[in-house]
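Okay, everyone, I'll keep this short. Let's pull the model up and walk through it together.

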Protein chains: 2
Amino acid sequence: MSKEIQKEEGELEYHDILLDLIKGQSKKKKDALMKILYGGECIPIELSEKATDLSTEHDFEIKAFNLPTAYEEELRKPRKVRIGAIQNSIAVSTTESVEKQRNALWAKIEKLLIAAGEMGTNIICLQEAWTMPFAFCTREKKKWMEFAEPIDGPTTKFLSKIAKKYQMVILSPILERDIKRQGQIWNTVVVIDADGEVLGFQRKTHIPRVGDFNESTYYMEGNTPHTVFETKYAKVGINICYGRHFPENWAGYGLKGAEIVFNPSATVGLLSEPLWGVEARNAAIANGYFTVAINRVGTEVFPNEFTSGNGLPSHKDFGHFYGSSFLTAPNGLRTPSLSRVRDSLLVAEVDLNQIRQVRDKWCFPMTRRLPDYAKLFNEASQLDWEPEIISKSNPQKKKK
Amino acid sequence: MSKEIQKEEGELEYHDILLDLIKGQSKKKKDALMKILYGGECIPIELSEKATDLSTEHDFEIKAFNLPTAYEEELRKPRKVRIGAIQNSIAVSTTESVEKQRNALWAKIEKLLIAAGEMGTNIICLQEAWTMPFAFCTREKKKWMEFAEPIDGPTTKFLSKIAKKYQMVILSPILERDIKRQGQIWNTVVVIDADGEVLGFQRKTHIPRVGDFNESTYYMEGNTPHTVFETKYAKVGINICYGRHFPENWAGYGLKGAEIVFNPSATVGLLSEPLWGVEARNAAIANGYFTVAINRVGTEVFPNEFTSGNGLPSHKDFGHFYGSSFLTAPNGLRTPSLSRVRDSLLVAEVDLNQIRQVRDKWCFPMTRRLPDYAKLFNEASQLDWEPEIISKSNPQKKKK
């Protein structure tokens, strides 16, 4: 493992350092800084004894919060839901066999899922391609393609039992082998309902071609844009990784009725860390739903060297996946980040009634101009489009 | 003036307090915190002597930065532009005559514009409805409607001279009286090119109906959606105030070629402060252009009491306009905020070449799926639209 990169990027819990700095201030200043940076303060909730024991024994972090920002209504009862997210490093070296690597990840994630179940989590999402290292930086096919499996493959069977036992919806991002279509590969999230049955799947719709993210070498843009699933507890959507950069994509899930949109990701510090706290949070605000951004942790080192399209010498690691998963409510209130380096479980209790309350307050659904956007986006998609620009030689047509 | 509200919300420079906390850390921690919170550090640039003298004499703040994040190219020369923004409180009591109030604002803004000109600013934008108090909280028409003026009215004439003298593009948000259309009112930005000529105008396209922002009592949704103007120095768009909540609206300016999008605003702490640092910044990232969010400062107190639609007793003030104007580059790097309470001038030197460089890196224009968004937005705009939701009773059609 490149110790230098690990040290430079991964070592420090910058989010905790920031929160500590703020907490040292007077109440007035602390409240104001928390409001500006996080939209206010989430209330920590007590961990169950079993969850605590598991976290100690298996060395993972649990952060659990209540977001008490919905008000009581007369006609609707509160719709309290506990939303979970898991971030983790790989479990053994990438030089180990495919089976050993996958089994080790299963064993690790099982503990985190049990802790989530014991905490009463209703809906939980794992990180992108959680059964494998994020090997797409290598551009190699041998070995890594063996991690791919069908939607009803062994990983889904493994998770179904846990889902059923804890009555917990599990969103499981895998590398999918599409048996019916000549075995082609997709980047897919399997939606397992609280009864352990597969409700459906979402394929990654926006595929990066940036730096080490050579994913289009492996799979194309998915064919299930912004699908919304009515699970036992809430209507959910899954916007996989790179899709978080596209506000119009986030909007699609909102239009179709999603109450919570998960963003299972794999992204590294030097590329995206300044954007991480902005994008999923903005989506929650703009669309009036809950968002959960999830990123893996750790530095993954591969057997063979590769280059990164930046003119620098070849190397064997992917840089640091910085974790920092978090949840945002429709009013912009967000939880603190999970660790930048540790396996972690986030549990956030929310009241889904807040969605309609925030939309009623701001009126974004009625004040947005959807037909205008549709018209412009359609025009801009045509080959013969000529965007009009007002200039000295093209004066504004609608004169004053 | 309600001293309590002023004290609670307005008094403290929370952004400076935060930066001071960060600057007290070791270099390693400081760099990391700046990266996570601001996308890195902007380099302060020296103020001209005349600008400094003006700021001292007339009690305003100047913050000037260089954002040196574009790299040198072989075929294109750098396109350095100095972008400016002005935020201010009203100049005299709202009980004064219309003429006195407007003249006092002209006199105040003249000093700030001269300072901007002396700093070599190329394009500058003033705050929303800058010639008047933001009186729309009152729902009264008498007196306040007299602030409205045509696009080529006295304020434009006043600014044209300054624009010409300093070869500085000025974007001037006014309350517009549309003489040709029965004198109806719009919320409009007049675009004055560097030669002092009016290049065109942008009318506010998204109108709030929230809390004290009773603006639809005065004017309707504008009829010039995302117009882009080729000024002497850059192609600019203006997304007025509430329009910043709509990512699809920001996208329109980008599609049509804007390089810088200004967001002249008037918004108060209790309503929007947690969202302020997120929305315009996300727009810069998603669209790969520069954004400048501008908010007025101070607490405006009106002659007659009014209520705010929140069940609380009637009062005479609008809460605190929290300033905090800032600029964001296409890579997410943002300047520190201007003051929360003081009249201020922001000057930021950028290289417009960065726009294409960031777009080439991330490839958002090519990886977004515009025709898909157009199709969905169009479908969702139809009366007979039935959004499909996958559930037990409506299984996913495209089977695994």
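Before we look at the sheet, one bit of vocabulary: two strands count as paired if DSSP finds at least two bridges between them. And keep in mind that what you're seeing is a predicted model.

So, chain B. There's an open sheet here with eight strands and mixed pairing, and the order runs β1-β2-β15-β3-β4-β5-β6-β7. At the edges sit β1 (43–44) and β7 (198–203) of chain B, each pairing on one side only. Follow β7(B) to its partner: that's β6 of chain B, residues 184–192, and the two run antiparallel, joined over five bridges. If you want a spot to zoom in on, find B:Thr188, which stands opposite B:Arg203 in β7(B). Packed on the sheet you'll also see helix α6 of chain B, residues 154–166, touching β5 (169–178), β6 and β7 of that chain. The direction of α6 makes about 170° with that of β5(B).

Okay, now on to where the chains meet. How much area is buried between chain B and chain A? About 9,000 Å², with carbon and sulfur atoms giving 67% of that. Chain B puts 97 residues into the contact and chain A puts in 96.

What about charges? Eight salt bridges turn up across the interface of chain B and chain A. One of them joins the side chains of A:Asp195 and B:Lys392, at 2.9 Å from N to O. On chain B's side, helix α8 (residues 269–287) gives the largest share, 13 residues. And that whole side of chain B splits into 43 nonpolar, 24 polar and 30 charged residues.

Conventions. Residues numbered from 1 in each chain as written. Chains lettered and ligands numbered in written order. Predicted model: local features only at pLDDT ≥ 70, side-chain atom pairs only at ≥ 80, totals over all residues. Heavy atoms only, no water. Contact = heavy atoms within 4.5 Å. Buried area = accessible area lost by both parts, 1.4 Å probe. Salt bridge = Lys/Arg side-chain N within 4 Å of Asp/Glu carboxyl O. Helix = DSSP H or I, 4+ residues; strand = E, 2+ residues; numbered from the N terminus. Nonpolar A, V, L, I, M, F, W, Y, C, P; charged D, E, K, R; others polar. Axes fitted to C-alpha atoms, helices over the stretch in contact; angles between N-to-C directions.
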